[in-house]
Structures are given as C-alpha cells and as structure tokens.
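Open the model in your viewer and show it as a cartoon. Keep a selection box ready. The tour makes three stops.

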Amino acid sequence: MYEHASSIFGEMSALAIETDSINLGQGFPDTDGPDLIKEAAVQAIRDGRGNQYPPAHGLPKLREAIAEHQKRFYDVDLNPTTDVVVTTGASEAIAATFLALVEPGDDVVTFSPWFDLYAAAVSLAGANLIEVPLTAGLFRPDPKLLRAAITPNTRVLLLNSPHNPTGSVFTRAELTDIADIVIEHDLWVLSDEVYEHMVYDDSVHVPFCTIPGMAERTITTGSAGKSLSLTGWKVGWATGPADLIAAVRVPRQHLSFVSGGPFQWAVADGLRLPDDYWEDFRAGMQMRRDLFCSGLAELGIPVDVPEGTYFATSDVRPLGYENGLTFCQELPHRAGVVAIPHEVFHADANAGKPYVRWAFCKQPDVLKEALDRLGRAFT
Ligand SMILES: *Cc1c(COP(=O)(O)O)cnc(C)c1O
C-alpha cells in the first residue's frame with residue numbers, strides 16, 4: 001500500500017491559512033489563463049457544447065488541436081484519431097499509463113526528486129518505483145547511475161523535463177544518452193512534459209519522442225492546467241504511437257470515463273493561441289523567476305536558478321537548518337511564508353534533506369512581499 005496517505009501540500013496549505021502566510025508551496029498560478037479561453041468555456045456551456053458526456057477519448061476538435069500543437073512546436077506528426085487521448089489532467093494520463101503498461105512486481109525507474117503523484121500511480125499499478133538521484137546540488141541526470149538501476153523487471157522509464165521540483169531542463173545530449181539505455185534494455189518511456197512552455201534563457205524543451213528511435217516507445221503527457229494557467233480545469237492528454245495510446249485508453253476509460261466537456265472546447269482554442277500568447281507566458285514566468293531568485297540571492301539565501309518550470313530550490317543549511325522539513329514547518333511561524341521540503345519527493349528517507357522548493361508562479365507584488373518577509377526573518 002502507498003504510505004503517504006495525506007499529502008504534504010494539504011498540510012502546508014492548511015498551515016499557510018492558519019498563519020496567514022504567503023503560500024509558495026503548492027504550484028498553482030495566482031493569475032488565471034487568458035480571458036478569451038475562459039469566455040470560450042462559458043460560451044460552450046451556453047451553447048450546449050460539452051454539457052453531456054464528451055466522446056470517450058476526447059473531443060475530436062481537441063485531439064486535432066493537440067496534434068497541431070505538437071506539430072507546430074516540435075514538428076511531431078500525430079494522427080489525432082489514434083495517437084492522442086484526452087485525460088483528466090496529466091495526472092490521469094500518468095496513472096492510466098502505469099495501469100496499462102506494468103504488472104505487479106515490475107519496476108519503473110525515475111530520477112529523484114520526483115513529482116509526488118508518480119509514487120502513488122506506480123504503487124496503484126502494483127509496481128515498484130526505483131529512484132535514481134539527480135546529481136547533488138546540480139540536479140543533472142547521470143546515465144551511469146541510471147544504467148546501474150535497471151533490473152530485469154524494469155519496464156518503464158519515467159522522465160520529467162522540464163523537471164519538477166528542481167527546474168532542470170534536460171539537454172538533447174543528456175536525453176540522447178538516456179535513449180541509448182532505453183534501447184539497450186528495451187524499455188517503454190513515459191515522458192511527462194507538462195512544463196514544456198516554461199523554459200528560460202538559452203534552454204530549449206526537447207520532447208523525448210524526437211530523439212531518434214524513441215517515438216515508437218514513448219508516451220508524452222501534457223497539461224492545459226500548466227500551459228494555459230487553468231489548473232482547476234484538469235484537462236490533460238497523452239500522445240504517442242497508436243498501440244501505446246490504445247493501451248492507455250483502456251484503463252483510462254475506467255478511471256474518469258470522460259471529464260471537462262465544455263473545457264475541452266475551450267482548451268482546443270487555447271492550444272491554437274497565436275505565438276505572442278506563448279512568448280508572453282514564457283517571458284512572464286522568466287521575469288518572476290528573475291525577480292524571486294535574485295531577491296533570494298540578495299538576502300543571502302542560496303538558490304539554484306531553474307532553467308524551466310515555476311519552481312526554484314534552496315539549500316537551507318547556510319540558514320542554520322539541518323533539514324528542509326524542519327525549515328518548512330518553522331517558516332510560516334518565523335517568516336509568514338510557505339515552502340515545500342524536497343524530502344517528500346524521494347522514497348529514500350535520507351535523500352533531499354537540505355533542500356526546499358519554492359513556487360514562484362505568483363504576482364510580482366506577492367513575490368516581493370514574500371522576499372520582504374524572508375528578509376525580516378533571516379537578516
Ligand atoms: C502538475 C503536474 C502534473 C499534473 O498535471 P494536471 O494536468 O494538473 O493533472 C503532472 N506532472 C507534473 C510534473 C506536474 O507538476
């Protein structure tokens with residue numbers, strides 16, 4: 001049985017309310033996605049589009065928009081009829097992938113720290129999650145460690161780039177080394193790419209399925225919640241080769257069956273937004289990253305400036321703490337700010353101890369206020 005019955009996010013969000021803290025714990029933006037897309041959902045409801053069960057594998061118009069999006073940004077060709085499935089958030093795509101691809105006793109290998117849902121989803125499928133630590137402090141994937149972790153029972157490699165919680169964006173060279181291991185051990189890959197539109201400076205998002213030989217083995221997940229700042233809508237998708245998507249569709253239908261009818265209509269419009277939406281979104285997040293990370297650095301709080309995502313990591317040892325959990329439990333009382341300890345993103349109880357994660361997808365004034373509060377507490 002999966003042990004983490006109550007999530008740290010619930011605990012920390014409750015503490016945030018209790019102490020009137022700024023919540024940089026849970027990763028959700030405090031600015032909603034485009035008005036145009038919200039209006040499209042309202043209009044769909046009024047027009048009677050999607051108010052009853054939508055088609056089982058997703059609205060055709062949305063599947064077409066997802067295929068178009070993958071073509072437009074990555075030159076990936078997908079057949080919207082067979083290679084795309086709409087899901088209740090990327091979360092359901094991930095759960096359904098494991099239910100489809102692994103048997104009890106199989107191993108799934110992933111880099112740690114990892115997004116907490118992974119352990120739950122792998123456990124629900126009866127499989128074991130084998131974690132391979134990203135290199136300490138730098139958070140890069142090490143192919144030698146990955147190769148050493150593969151067992152005869154390993155079926156799936158679970159990748160996540162841009163990476164939650166560290167913000168690392170895996171390079172094409174790193175992904176190519178990983179692909180060699182995938183071929184050697186004949187693995188399937190689940191590539192969770194929900195932060196695909198949040199990459200900064202010179203970093204580029206390289207979908208794993210574009211590495212030679214990987215398209216036929218890789219299921220890719222995406223999320224309207226993340227890409228359109230509409231996390232409450234829970235519209236996501238999985239894309240990949242027809243045989244793997246057909247396999248994912250089976251358990252997926254028995255999880256939620258269908259969801260988000262009118263939202264599916266609106267997300268189809270969202271994925272087709274012109275280039276300036278995507279560039280403004282990226283630039284807005286990069287501005288928040290710069291504001292928050294340079295603010296932390298000025299306060300003498302160490303920070304690993306992320307290449308992607310809306311998360312940044314700090315090592316709390318220079319602030320006089322041995323471990324991030326204690327830091328996060330005291331921080332709301334001491335500073336009125338909430339962060340999340342990295343240790344909840346590991347199975348190994350000793351891993352990730354000194355690190356904490358901040359979510360900076362908040363309005364600039366909120367980030368400034370958080371920095372002021374941290375400044376008062378720590379200087
Ligand atoms: C938020 C998140 C998801 C889940 O996305 P939803 O569309 O909200 O279900 C999946 N993977 C990672 C890494 C995430 O951060």
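Two strands pair if DSSP finds at least two bridges between them. Helices (H or I, at least four residues) and strands (E, at least two) are DSSP runs, numbered from the N terminus. This is a predicted model: local features need pLDDT of at least 70, side-chain atom pairs count only at pLDDT 80 or more, and totals for chains, interfaces and linings use all residues. Residues are numbered from 1 along each chain as its sequence is written, and side-chain values use heavy atoms, with hydrogens and water left out.

**Strand β12**

Select residues 355-359, strand β12. Five of its five residues are buried (under 20% relative accessible area; exposed is over 50%, partly exposed in between; 1.4 Å probe, protein chains only). Tyr355, Arg357 and Ala359 point one way, Val356 and Trp358 the other.

Add β9 (residues 311-315), antiparallel to β12 over five bridges. Threonine 313 stands opposite arginine 357. Now add β11 (residues 340-341), which pairs with β12 in the antiparallel sense over two bridges. Here proline 341 has valine 356 as its bridge partner.

**Helix α3**

Select residues 60-74. The end C-alpha atoms are 21 Å apart, which agrees with the expected span of 21 Å for 15 residues at 1.5 Å a residue (1.5 Å times one less than the number of residues). Its buried residues include Leu62, Ile66 and Tyr74. The buried residues pack against β2, β8, α9, α10 and α11, with contact meaning heavy atoms within 4.5 Å. Just after α3, aspartate 75 takes a positive phi of about 55°.

**Leucine 134**

Go to the loop between β4 and α6. Leucine 134 is buried, at 6% relative accessible area. Beyond its neighbours within four places in sequence, its contacts include Phe111, Phe139, His163 and Phe170.
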